[in-house]
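Work through the exercises below with the sequence and the model side by side. Each task is followed by a solution in steps.

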Amino acid sequence: MNSINATVFVPGHNQLKRCRGCSELIFFAVTRDGRSIPVDHKARHDGNLAIAPLQDGEKLPRATVVTPGQAAGMRAAGVPVFSPHFASCPEADSFRRRGRARGARQKGRPR
Ligand SMILES: [Zn+2]
């Protein structure tokens, strides 16, 4: 049981935020390509994100997309499977809009 606990991510109170769109509790995790994404704070039966517990020196837990088969295996082992918040957020459009604006800024216009 201890070995499972060590691999199970539980968002700490200082990690929980409220979504600006729908005020659900969420936390942020980092994907493999370094983007931070909002994640539902509760594991979901149709989730597809494995969240690794924080390692020393990390500010955000790492999120890995898993296949439905892997997700089923994790649930069978008692490991929660999470879901990106924009899959359930009624205000998901505002995330996309913000993401696009950020992308445009990253490209950068010469001033
Ligand atoms: Zn939301």
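Helices and strands are here DSSP runs, a helix having at least four residues and a strand at least two, and they are numbered from the N terminus. The loop holding S23 is placed by those runs: S23 lies between β1 (17-18) and β2. The model is predicted.

**Exercise 1. Layout and confidence**

Task: State how many helices and strands the protein chain has, in which pattern they follow along the sequence, and which elements have the lowest and the highest mean pLDDT.

Solution.
Step 1. The protein chain has three helices and five strands.
Step 2. Along the sequence the pattern is α-β-β-β-β-β-α-α.
Step 3. Mean pLDDT over the chain is 83, and 78% of the residues reach 70 or more.
Step 4. Among the elements, the lowest mean pLDDT, 55, belongs to helix α1 (residues 2-7), while β2 has the highest, 96.
Step 5. Over residues 101-106 pLDDT stays under 50, and the model has zero contacts for this stretch beyond four places in sequence. Where pLDDT is low, the predicted coordinates should not be read in detail.

**Exercise 2. The hairpin of β1 and β2**

Task: Find in which sense β1 and β2 pair, and which residue between them takes a positive phi.

Solution.
Step 1. Two bridges join β1 and β2, and the pairing is antiparallel.
Step 2. R18 is located in strand β1 and stands opposite L25 in β2.
Step 3. Leaving out residues up to four places away in sequence, R18 touches S23, E24 and L25.
Step 4. Six residues separate the strands of this hairpin, and S23 takes a positive phi near 60°. That is a positive value in a residue other than glycine.

**Exercise 3. Exposure around β1**

Task: Sort H13, R18, R20 and S23 into exposed or partly exposed.

Solution.
Step 1. The cut-off is needed here: a residue with 12 or fewer other C-beta atoms within 10 Å is exposed, one with 20 or more is buried, and one in between is partly exposed.
Step 2. H13, in the loop between α1 and β1, is exposed because it has 5 C-beta neighbours inside 10 Å. Its C-alpha atom is 9.6 Å from that of F27, 14 residues away in sequence.
Step 3. R18 has 11 C-beta neighbours inside 10 Å and so counts as exposed. Between the C-alpha atoms of R18 and P38, 20 residues apart in sequence, the distance is 9.9 Å.
Step 4. S23 has 9 other C-beta atoms within 10 Å and is therefore exposed.
Step 5. R20 sits in the loop between β1 and β2. With 13 other C-beta atoms within 10 Å, R20 is partly exposed. The C-alpha atoms of R20 and E91 are 8.7 Å apart, although 71 residues separate the two in sequence.

**Exercise 4. The hairpin of β2 and β3**

Task: Determine how many bridges join β2 to β3, and which residues of β3 are the bridge partners of F27 and F28.

Solution.
Step 1. β2 and strand β3 (residues 36-40) run antiparallel and are joined by five bridges.
Step 2. F27 has V39 as its bridge partner in β3.
Step 3. For F28 the bridge partner in β3 is P38.
Step 4. Five residues lie between the strands of this hairpin, among them G34, with a positive phi near 85°.

**Exercise 5. The nonpolar core**

Task: Name the residues that touch the most other members of the largest nonpolar core, and list what L49 is in contact with.

Solution.
Step 1. Buried residues make up 19% of the 111 residues in the protein chain.
Step 2. The largest nonpolar core has 13 residues, and those touching the most other members are A29, V39, L49, I51, A63, V81 and F82. The elements giving two or more residues to this core are β2 (25-30) and β4 (49-52).
Step 3. Apart from neighbours within four places in sequence, L49 is in contact with V39, A63, T64, V65, V81, F82, S83 and P84.
Step 4. In soluble globular proteins, nonpolar side chains tend to be buried together.
Step 5. Over the protein chain, 58% of the contacts between residues at least 6 apart in sequence join residues at least 24 apart.

**Exercise 6. A loop residue after β5**

Task: Decide whether T67 is buried or exposed.

Solution.
Step 1. T67 lies in the loop between β5 (62-65) and α2 (68-76).
Step 2. T67 has 9 C-beta neighbours inside 10 Å, so T67 counts as exposed.
Step 3. The C-alpha atoms of T67 and A50 are separated by 9.9 Å, with the two residues 17 apart along the chain.

Key: Residues are numbered from 1 along each chain as its sequence is written. This is a predicted model: local features need pLDDT of at least 70, side-chain atom pairs count only at pLDDT 80 or more; totals for chains, interfaces and linings use all residues. A nonpolar core is a set of buried Ala, Val, Leu, Ile, Met, Phe, Trp, Tyr and Cys residues joined through C-beta atoms within 7 Å. Two residues are in contact if their C-beta atoms, placed from the backbone, lie within 7 Å. pLDDT is the predictor's confidence in each residue, from 0 to 100. Two strands pair if DSSP finds at least two bridges between them.
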